[in-house]
Amino acid sequence: MQNRSLNKTDTTDSARTGMAGTGVLLRFMLRQDRVRLSLWVLGIGLMSFYVANAVQALVTDEAELAQMAGLFADPVGRLMTGPAYGMESPTFERFYAAGYVLFIYILTALMSIFTVVRHTRAEEASGRAELLRADVLGRHATLTAALLLVLLANAAAAMLVLLGALSGGFAQEGSLLVAGSGAAIGLLFATVAALAAQLTETSRAASGLTGALLGLAYLIRMVGDMAAVQGTALSWFSPLGWSQQTAPYVEDRWWPLLLCLALAAAAVLGAFGLSTRRDLGAGLLPSRLGRAQARPRLTTPLGVATHTLRGGLRGWGAAVILCGALFGSYAQSMVDTAASLPEEFRSFFAGETVLLGYLAYMAMFLALFVAAAGVGGIQQLRGEEKHGRAELLLSAPLSRTRWLGAHLTVLLGGLGIMLSFTGLATAAAAVAVLQDDPSAYFNDILWASLHQGPAVLAVVGLTLAAYGWVPRFAGLLGWLLLGYAAVMTNFGPLLDLPTVFSELNVFGHLAQYPVEAVRWSPVLWLSGIGTAGILLGFTGWRRRVINSG
């Protein structure tokens, strides 16, 4: 009898340290994410299908295609989209691969990061993982199920990307390579996210660390690809560079994807290994100890809000300001190459003066990231609710209006500072390199950045309205607004879409200052939308139950 008991204990212990329950957990994750992941996968597939077919509908002859290929072969185009393989002899499929597939890869990477972090680190932070582990659930079951879920999602997205490319009549091998590269990038960043989840204690830190690595990969690729057609040695230090060095429809090289798979294998082994070296809910990187006594500012709602939001705002701010300086430093290159740019490139940067059009475009492009910081800040408020900290503060003599008002004040103030310093960094870098009367551009560049404030306010207002009434969809709404704006800002002018599509772009209504004079009507409308959204959000927040919706 005693031996039977010991054997049962041994079996249970073995199950707890293995993969027991992985299948059940995977089915649960599939059910839990059936809507969210379906939207991600369909969005990625539809982007491939639309671009593959819309380019051919827009461009009618080879001469026009060759002119448009100059958009991607130019240094600025390579900086934004990749090494421009095949643009010296462009075809529709090469145009599709050179200009658009990078953004499919980035979307796939983001889908993978968010999914893995949500089902690993976020589940531990919420306490649900501990409840599940109290039953006969293997130590590695959660991580294994999360990675399998991402593998299935990437496979589904790759299949839709392949069908989208083939629907445009593109070559089968190159289309398979595009789809496979997207899946490889998604798998790589999924495993990196799994590794980050072992190192950090919060889902925000895990997502932030992995997102920073994705941003670094994009930045390294930008510098490497801008320097020369087909990239430079620096391009090979970026996983995004590996995927583009496969050169679909040109050289059709599969072997760079082995680098992605090798790094993914190392990351997943590290993640599983490190998961056995930490306690459930803890991270291997120790959190910084707080002060023994709280600062006086933490006795006020505004001080608490600053403490909550400053980390995210600081990270976003540093990244956006650095990008502003980088884009500003390219101003003289735009002046030098303006005469040789194709007409489509000139129309992309609206206005007769290419330099001013470039600066106006960059102001709008960087404002998208400032608005992303706003959406992230509102998601942090949802996190404060879910972890009980908001309820704890509201149990004191603190009204809901003051709590949300303090956080909104800090958030909007931080976004305003971010826009200001981004404009200053862009202006300072441009003035430093421009040779012809550089000081004349400083104020224009600064005001171009500040002019995007109403669009940022509109995004924050609409997201806050959703947070007040249906908080679980607030983040989704905010990211959809930004994702749509990013696609329309970068590709709308090239694809000649109907007017209704551009009207739905929040960032498409403002005048492209300094090319155009400021139009006050859209400024007032966007400001009104943002203000109305904020008021609606406050109304919903006061009426709903905390941590509901």
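Leaving aside its neighbours within four places in sequence, which residues is Thr 144 in contact with? The legends below take up this question and several others, for a model that is predicted.

**Figure 1. The surroundings of Thr 144 in helix H10.**
Thr 144 is found in helix H10, and, once its neighbours within four places in sequence are set aside, it is in contact with Met 19, Thr 22 and Phe 272. The relative accessibility of Thr 144 is 14%, and because buried means under 20%, this residue counts as buried. A further pairing across the chain can be followed from Thr 144 to Gly 23, for these two residues are 121 residues apart along the chain, while their C-alpha atoms are separated by 9.4 Å.

**Figure 2. Helix H10 and the glycine just after it.**
Helix H10 covers residues 141-167, which makes 27 residues, and at 1.5 Å a residue these should span 39 Å. The C-alpha atoms at the two ends of H10 are 39 Å apart, so the span in the model agrees with the expected one. Just after this helix comes Gly 169, which takes a positive phi of about 80°.

**Figure 3. Leu 46 in helix H3 and its partner in space, Val 161.**
Leu 46 is found in helix H3, which runs over residues 34-58. Its relative accessibility is 55%, and because exposed means over 50%, Leu 46 counts as exposed. Along the chain, Leu 46 and Val 161 are 115 residues apart, yet the C-alpha atoms of the two are separated by 7.8 Å.

**Figure 4. Ala 98 in helix H6.**
Helix H6 consists of residues 92-99, and Ala 98 has its place in this helix. With a relative accessible area of 8%, Ala 98 is buried. Apart from neighbours within four places in sequence, Ala 98 is in contact with Phe 72, Thr 81, Ala 84, Tyr 85 and Met 87. A separation in sequence can also be set beside a separation in space for Ala 98 and Ala 363, which are 265 residues apart in sequence and, C-alpha to C-alpha, 24 Å apart in space.

**Figure 5. Two loops with a positive phi in a residue that is not glycine.**
Most residues other than glycine have a negative phi. Gln 230, although it is not a glycine, has a positive phi of about 70°, and its place is in the loop between helix H12 (203-227) and helix H13 (239-244). At 34% relative accessibility, Gln 230 counts as partly exposed. Asp 252 is also a residue other than glycine, and its phi is positive, near 50°; its place is in the loop between H13 and helix H14 (256-275).

**Figure 6. The cis peptide bond between Tyr 513 and Pro 514.**
Most peptide bonds are trans. The bond that joins Tyr 513 and Pro 514, however, is a cis peptide bond, with an omega of about 10°. Pro 514 has its place in the loop between helix H24 (499-503) and helix H25 (520-543).

**Figure 7. Helix H22, largely enclosed by the rest of the structure.**
Helix H22 spans residues 453-469 and has 17 residues, and from its first C-alpha to its last it reaches 25 Å, close to the 24 Å expected at 1.5 Å a residue. Of the 17 residues of H22, 13 are buried, so this helix is largely enclosed by the rest of the structure.

**Figure 8. The protein chain as the setting for the close-up views.**
The protein chain has 25 helices and zero strands, and its C-alpha trace spans about 90 × 60 × 40 Å along its principal axes. A compact globule of 549 residues would have a radius of gyration near 24 Å, and the 25 Å of the protein chain agrees with this. Buried residues make up 50% of the 549 residues. Among contacts with a separation of 6 or more, 78% are accounted for by residues 24 or more positions apart. The protein chain exposes about 24700 Å², of which carbon and sulfur atoms supply 64%. There are 36 positive and 32 negative side chains in the protein chain, and the centres of the two sets lie 19 Å apart.

Definitions and conventions
Residues are numbered from 1 along each chain as its sequence is written. Side-chain values use heavy atoms; hydrogens and water are left out. Helices (H or I, at least four residues) and strands (E, at least two) are DSSP runs, numbered from the N terminus. The radius of gyration is taken over C-alpha atoms; the globule rule is 2.2 Å times the number of residues to the power 0.38. Buried means under 20% relative accessible area, exposed over 50%, partly exposed in between (1.4 Å probe, protein chains only). Contact means heavy atoms within 4.5 Å. Accessible areas come from the Shrake-Rupley method with a 1.4 Å probe; for residues, only the protein chains shown count as cover. Lys and Arg count as positive and Asp and Glu as negative; His and the chain ends are not counted. The place of a charge is taken as NZ of Lys, CZ of Arg, CG of Asp or CD of Glu. The expected span of a helix is 1.5 Å times one less than its number of residues.
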